[in-house]
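Here is a friendly walk through the two chains in front of you, from overall build to charged contacts. Have the view open as you read.

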Amino acid sequence: MTASVLARPQGTTTPSVRKPGRRLKPGRPIPLGAAIGPFLLLSVWAAGSAAGWIDPRTLSAPWTVVTTTGDLIADGRLQDNLAISAQRAGLGLVIGTVIGTVLAVVAGLSRWGEALLDGPIQIKRAIPSLALLPLLVLWFGIGEQMKVITITLGVFVPVYIHTHNGLRSIDSRYVELGESLRLPRAVFLRRIVLPGALPGFLLGMRFAVVNAWLALVVVEQINSTSGIGYMMQLAREYGQTDVIIVGLVLYGLLGLLSDGAVRLAQRRALSWRRTLAD
Amino acid sequence: MATNLGGLTATGTVRVHRLVRGFGSRAVLDGFDLEIGAGEFVALLGRSGSGKSTLLRALAGLDSDVDGSGVIEVPEKSSVVFQDARLLPWQRVLDNVVLGLRGSNAHERGRAALAEVGLAGRENAWPNELSGGEQQRVALARALVSEPELLLADEPFGALDALTRLRMHDLLRELYARHRPTVLLVTHDVDEAVTLADRVLLLDSGRIAVDLTIDLPAQRSHRQPQFLAYRETLLRALGVNHSEG
């Protein structure tokens, strides 16, 4: 080896100073980069309100929003409305998740189940849940029942679709392994089918959470007498843009928190493949 | 639907009678007969498409979607080792080993099996964290932990590098000496067959072309003249024009 290096003609050795090539990467990350955009937006809003460019009837000043939040908490309206909203969304989410998962397992493990269930659910998938609202109001009235059912309908579809997909994409070699070990059906389900479908299920959950909040916003703005949506609806009638913004911020926080929770669950439950994915 | 009249043998013998297996109109095995004695180590050689995997899958009962008929008698307690380790990536190594076990001492037995294949201390690793050879050792542990009377292995070392394969040969001989199951090892590697087995069957177009008893000491090497003679015979039967020097 050494000999060949020595024998190499001098002209071909690489120059010690190399011109930097054109960089195609976006470069090093900026510290706290994610906060810059929102902060800029907030400053424009604050500056506009302070200078009087923004009419408070169009958009309340940021500090008004903060004091209004304080007032709403002080008289308990915020907590009450938040609790009732969270209850609706949570109930719909739980029921929808259970239904979606059970249907996915039935359709994924039996040809008859698939023949009976998959078609109707694919049709349901094509119809936005919110388009069913007039029918749901006629059937179930405008009470809690209708609200939870609407949220449930929005939740179970993505849970079903992605869990079913996860089940179908389980490697058939693992099924063969189960056969060769003569696993009882219950063990096969618990050790192979459900863990195999878990990545799909959790992906479905992320969509489901988004859908739950979306459905909540809509049902709470229709003939509701409680909840964040109702609070915002009432504020619209009185022209209180500050209360509306408090509601929007709440929805945003709830969305972020719940998505974060599902992602955390994803990381925990799928730690076995972290070495590859993360 | 492949129907298996006959059933289970108690002593570890394998009996196949008039076995027919095919895909569509093409019969891979047509009236195939085979007997393997209890505790015999048989290697099944053959080119691809010779029917060796079809036979192994029939013995393992993994061909319910294949057309066929015939009588298969195999021990009730049999295990399969596949070419890929086929570990569940979402189960830790020990849980993979004890997947088919029931009973309260399953974990103990799993630990012992892992120690036997030289993987003591890796019980809590994820399969992805192991090398290919280590994964295949886990698969061996999983196959042997149930103390099978018949071990069916479908090119179990085919995906390993040459060095790892040699070490796995030693391990398999060692495990075989200790547990004495009947072994049917499918391989396309003549050296592997002669190194490991006591009897080599060469399958050609669905029938046994050569049935060779390997009469060599447990310690085998390529330098033994008899080893080379067996190798020559088998290579010639496989149609390899093998000229030395």
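Read from its start to its end, chain A runs α-α-α-α-α-α-α-α-α-α-α-α, with 12 helices and 0 strands. Its radius of gyration is 27 Å, well over the 19 Å that the globule rule gives for 278 residues, so chain A is more spread out than a compact globule. Keep in mind that this is a predicted model.

The box around the C-alpha atoms of chain A, taken along the principal axes, is roughly 90 × 65 × 30 Å. Of its 278 residues, 37% count as buried. Among contacts in chain A with a separation of 6 or more, 71% come from residues 24 or more positions apart.

Chain B mixes both kinds of element, with 7 helices and 10 strands. Here the radius of gyration is 18 Å, close to the 18 Å that the globule rule gives for 245 residues, so chain B is as compact as a globular protein of that length. The C-alpha trace of chain B spans about 50 × 45 × 30 Å along its principal axes. In chain B, 53% of the 245 residues count as buried. Contacts between residues at least 6 apart in sequence join residues at least 24 apart in 70% of cases in chain B.

The table puts surface and charge side by side for the two chains.

| Chain | Accessible surface | Share from carbon and sulfur atoms | Charged side chains | Distance between centres of the two sets |
|---|---|---|---|---|
| Chain A | about 17200 Å² | 66% | 27 positive, 15 negative | 16 Å |
| Chain B | about 11000 Å² | 47% | 27 positive, 32 negative | 1 Å |

Now for the charged contacts. How many salt bridges does a search of the whole structure find over all chains? The count is 26.

One of them, in chain A, pairs A:Arg88 with A:Glu144, whose closest N and O atoms are 2.7 Å apart. This pair links distant parts of the chain: A:Arg88 sits in helix α4 (residues 77-109) and A:Glu144 in helix α7 (residues 144-168), 56 residues apart. Are these two partners buried or exposed? A:Arg88 is buried, at a relative accessible area of 2%, while A:Glu144 is partly exposed, at 38%.

In chain B, B:Asp191 and B:Arg231 meet through their side chains in a salt bridge of 2.5 Å, N to O. B:Asp191 belongs to helix α6 (residues 190-196) and B:Arg231 to helix α7 (residues 225-237), so the pair ties together parts that are 40 residues apart in sequence.

Another chain B pair is B:Arg122 with B:Glu134, where the closest N and O atoms are 3.6 Å apart. B:Arg122 lies in the loop between α3 (106-116) and α4 (132-144), and B:Glu134 in helix α4, so this salt bridge ties together parts that are 12 residues apart in sequence. B:Arg122 is partly exposed, with a relative accessible area of 28%, and B:Glu134 is also partly exposed, with 22%.

Finally, which residues are linked in a network of salt bridges? From chain A come A:Asp171, A:Arg173 and A:Glu176, and from chain B come B:Arg57, B:Asp84 and B:Arg86.

Key:
Residues are numbered from 1 along each chain as its sequence is written. Chains are lettered from A and ligands numbered from 1 in the order in which they are written. This is a predicted model: local features need pLDDT of at least 70, side-chain atom pairs count only at pLDDT 80 or more; totals for chains, interfaces and linings use all residues. Side-chain values use heavy atoms; hydrogens and water are left out. Helices (H or I, at least four residues) and strands (E, at least two) are DSSP runs, numbered from the N terminus. The radius of gyration is taken over C-alpha atoms; the globule rule is 2.2 Å times the number of residues to the power 0.38. Buried means under 20% relative accessible area, exposed over 50%, partly exposed in between (1.4 Å probe, protein chains only). Contact means heavy atoms within 4.5 Å. Accessible areas come from the Shrake-Rupley method with a 1.4 Å probe; for residues, only the protein chains shown count as cover. Lys and Arg count as positive and Asp and Glu as negative; His and the chain ends are not counted. The place of a charge is taken as NZ of Lys, CZ of Arg, CG of Asp or CD of Glu. A salt bridge is a side-chain nitrogen of Lys or Arg within 4 Å of a carboxyl oxygen of Asp or Glu.
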